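Subject: Structure for you to look at, with notes

Dear colleague,

I am passing on the structure we spoke about, and my notes come after it. Please keep it open while you read, since the notes go through it part by part.

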Amino acid sequence: METLPKLDQRLAVIASLVRDGMRCADIGTDHGYLIAWLAAVGRIRAGYACDINKKPLEKAAFTLSAYGVTNTIKLLRCNGLAGLHQGDVDDIVIAGMGGELIWSIIDAEEWTRDPQLHFLLQPMTKPERLRRSLYKAGFEITKEHAVISGGFPYTVMEVSYTGNQQEIDMLFAYTGKLLHDDSEAAKSYLTKTARLIREKVEGLKKAADANNKLEQYCLLLKILEGVA
């Protein structure tokens, strides 16, 4: 067996949050590095490497073989979670996708509404839409972790289902639990968020009938600039 797969900082943080001894699904597995690492170090007892496309699964198959974990991890070609059923897994990783796609994957399967499941979500874009959708459907972000990988800041969300459906305000939608995080990674994430909001404000200034939205985003920007 080769040495362990090298995980970038983003995947390393996700790996550290997977619970010991659980069955884990890696959705959109790509090369399969994360799930191979988890199996190789004995963090999980079984797992699934899932992808909708054939090529990533072929790469994942090579990775699993190289690290001697083909008996632990099953390859599944499926759309999101469609190849899994209730009781198959305990921890679910959905990383490296847009926030809207991540939510559509969770929302598509009714069995995801299970308080025992532990979701690890890492949106590349639209994290505010993911947070809104999660809370509206009765999910909760229990913890949120900022990480800098390849020079870019990301958030990794730990999520579980509570059944408590609620609307969240704009500030929480954009910052989640990172607003009061003093780490450099969180500050970098909030600075990036402030930049995106600033661009939105400039766009709204040129739009007709955007007074109400403009006011809300200006207020949000003021808060973010004060923090970041």
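The notes below deal with the sheet, the helices around it, two single residues, the salt bridges and a surface patch.

Please bear in mind throughout that this is a predicted model.

I begin with the sheet, which is open and is formed by 7 strands in the order 3-2-1-4-5-7-6, with mixed pairing. Strand 3 (73–77) and strand 6 are the edge strands, and because each has a single partner strand, one side of each is left without a neighbour in the sheet. On average, and with direction ignored, neighbouring strands of this sheet are turned by 20° against each other. The partner of strand 6 is strand 7, to which it is joined by 10 bridges, the two strands running antiparallel. Within this pairing, Ser149 stands opposite Phe152 in strand 7.

Turning to the helices, helix 2 lies across strand 1 (22–27), strand 2 (44–51), strand 3 and strand 4, and it runs at about 170° to strand 2. In helix 1 (residues 9–17), the buried residues are Arg10, Leu11, Val13, Ile14, Ala15 and Leu17, and their cover includes helix 2 (33–40) as well as strand 4 (91–98), strand 5 (118–125), strand 6 (139–149) and strand 7 (152–161).

Two single residues may be worth finding in the viewer. Ala137 lies in the loop between helix 5 (127–136) and strand 6, and it counts as buried because its relative accessible area is 15%, where the cut-off is under 20%. Leaving aside its neighbours within four places in sequence, Ala137 is in contact with Trp103, Arg113, Tyr161 and Gln165, while its C-alpha atom is separated by 16 Å from that of Pro127, 10 residues apart along the chain. Thr142, by comparison, is placed in strand 6 and is partly exposed, with a relative accessible area of 38%. Although Thr142 and Glu158 are 16 residues apart along the chain, their C-alpha atoms are separated by 5.6 Å, and Thr142 touches Glu158, Val159, Ser160 and Lys177 when residues up to four places away in sequence are not counted.

As for charged pairs, the count comes to 11 salt bridges, and I describe some of them here. Arg131 forms one with Glu144, the closest N and O atoms being 2.6 Å apart. Since Arg131 lies in helix 5 and Glu144 in strand 6, this pair ties together parts that are 13 residues apart in sequence. Both partners count as buried, Arg131 at 0% relative accessibility and Glu144 at 8%. Arg10, which is buried at 15% relative accessibility, forms a salt bridge with Asp8, with 3.8 Å between the closest N and O atoms, and Asp8 is partly exposed at 32%. A further salt bridge joins the side chains of Lys187 and Glu184 (3.8 Å, N to O); these two are 3 residues apart in helix 7 (residues 184–205), and are therefore separated by about one helical turn. Here Lys187 is partly exposed, at 34% relative accessibility, whereas Glu184 is exposed, with a relative accessible area of 57%.

Finally, Leu219, Ile223 and Val227 form a nonpolar patch on the surface, and together they have about 230 Å² of accessible area. Of these residues, Ile223 has its place in helix 8 (residues 211–227) and is partly exposed, with a relative accessible area of 32%.

With best wishes

Technical notes. Residues numbered from 1 in each chain as written. Predicted model: local features only at pLDDT ≥ 70, side-chain atom pairs only at ≥ 80, totals over all residues. Heavy atoms only, no water. Buried < 20%, exposed > 50% of the residue type's maximum accessible area, 1.4 Å probe, protein only. Helix = DSSP H or I, 4+ residues; strand = E, 2+ residues; numbered from the N terminus. Contact = heavy atoms within 4.5 Å. Patch = residues over 30% accessible without salt bridge, like charges linked within 9 Å, V, L, I, M, F, W, Y side chains within 5 Å. Areas by Shrake-Rupley, 256 points an atom, 1.4 Å probe, with all protein chains shown as cover. Salt bridge = Lys/Arg side-chain N within 4 Å of Asp/Glu carboxyl O. Pairing = 2+ DSSP bridges. Axes fitted to C-alpha atoms, helices over the stretch in contact; angles between N-to-C directions.
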